[in-house]
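Student: I'd like a close look at one part of this model: the polar side chains and what surrounds them. Could you set the scene with the whole chain and then go through that part step by step?

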Amino acid sequence: RIRLALDRGRAQVSTANFLRDVEAKRFDGITFYRAMPYGEGNGLIQAGITKDARLLYPPIAHEPASKTGLAHEAGTILFANAGPGTARA
């Protein structure tokens, strides 16, 4: 189990999208497919829906840190994306 703290107040779109995936059990059985060092003394762990693209919902609106006030710090979860407005799961 992984326990997360989500900020509905500042990241409403991302939080709603993540919880929709959780409630639909779309993350059940996913694979953690990458773990690597990232930066000085930090690391990166990636997981997601890779087994069936039909499980992906459409991309969500971009919520930049400049608008949410949330920082990309150690322990932060982020949606992988190919650019603004392309994050999915």
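Tutor: Gladly! Let's begin with a term: accessible areas here come from the Shrake-Rupley method with a 1.4 Å probe, and for residues only the protein chains shown count as cover. On that basis, the accessible surface of the chain is about 6900 Å², and carbon and sulfur atoms account for 52% of that surface. Please keep in mind that this is a predicted model.

Now the overall frame. The chain has two helices and two strands, arranged α-β-β-α when read from the N terminus. Its radius of gyration is 13 Å, close to the 12 Å that the globule rule gives for 89 residues, so the chain is as compact as a globular protein of that length. Along the principal axes, the C-alpha atoms fill a box of roughly 35 × 30 × 25 Å. Of the contacts between residues at least 6 apart in sequence, 48% join residues at least 24 apart. Buried residues make up 21% of the 89 in the chain. The largest nonpolar core has seven residues, namely F18, L19, F27, I49, I60, F79 and A87.

With that in place, we can zoom in on helix α1, which covers residues 12-23 and contains T15. Is T15 buried or exposed? T15 is buried, because its relative accessible area is 6% and the cut-off for buried is under 20%. A polar atom of the T15 side chain lies 3.5 Å from the backbone oxygen of D7. Beyond its neighbours within four places in sequence, T15 is in contact with L6, D7 and R8. The core residue L19 also reaches this stretch: leaving out residues up to four places away, L19 touches L6 and R8.

D7 takes part in a second kind of pairing as well. Its side chain meets that of R10 in a salt bridge, with 2.9 Å from N to O. Both partners are partly exposed, D7 at 27% relative accessibility and R10 at 43%. D7 therefore offers its backbone oxygen to the polar pair with T15 and its side chain to the salt bridge with R10, while its 27% accessibility counts as partly exposed.

The structure holds two salt bridges, and the other one joins R54 and D52, whose closest N and O atoms are 2.9 Å apart. Here R54 is exposed, with a relative accessible area of 72%, whereas D52 is partly exposed at 21%. That value sits just outside the buried class, because D52 has 21% and buried means under 20%.

Moving to the strands, Q46 is found in β2, residues 43-48. Its side chain forms a polar contact of 2.4 Å with the side chain of R34. Setting aside neighbours within four places in sequence, Q46 is in contact with T31, F32, Y33 and R34.

Finally, H72 lies in the segment after α2, the helix of residues 65-68. H72 counts as exposed, because its relative accessibility is 60% and the cut-off for exposed is over 50%. Even so, H72 touches A65 and L78, with residues up to four places away in sequence not counted.

Key:
Residues numbered from 1 in each chain as written. Predicted model: local features only at pLDDT ≥ 70, side-chain atom pairs only at ≥ 80, totals over all residues. Heavy atoms only, no water. Core = buried A, V, L, I, M, F, W, Y, C linked by side-chain atoms within 4.5 Å. Buried < 20%, exposed > 50% of the residue type's maximum accessible area, 1.4 Å probe, protein only. Contact = heavy atoms within 4.5 Å. Salt bridge = Lys/Arg side-chain N within 4 Å of Asp/Glu carboxyl O. Helix = DSSP H or I, 4+ residues; strand = E, 2+ residues; numbered from the N terminus. Rg over C-alpha atoms; globule rule 2.2 N^0.38 Å. Polar contact = N/O pair within 3.5 Å; in protein donor to acceptor, adjacent residues only side chain to side chain.
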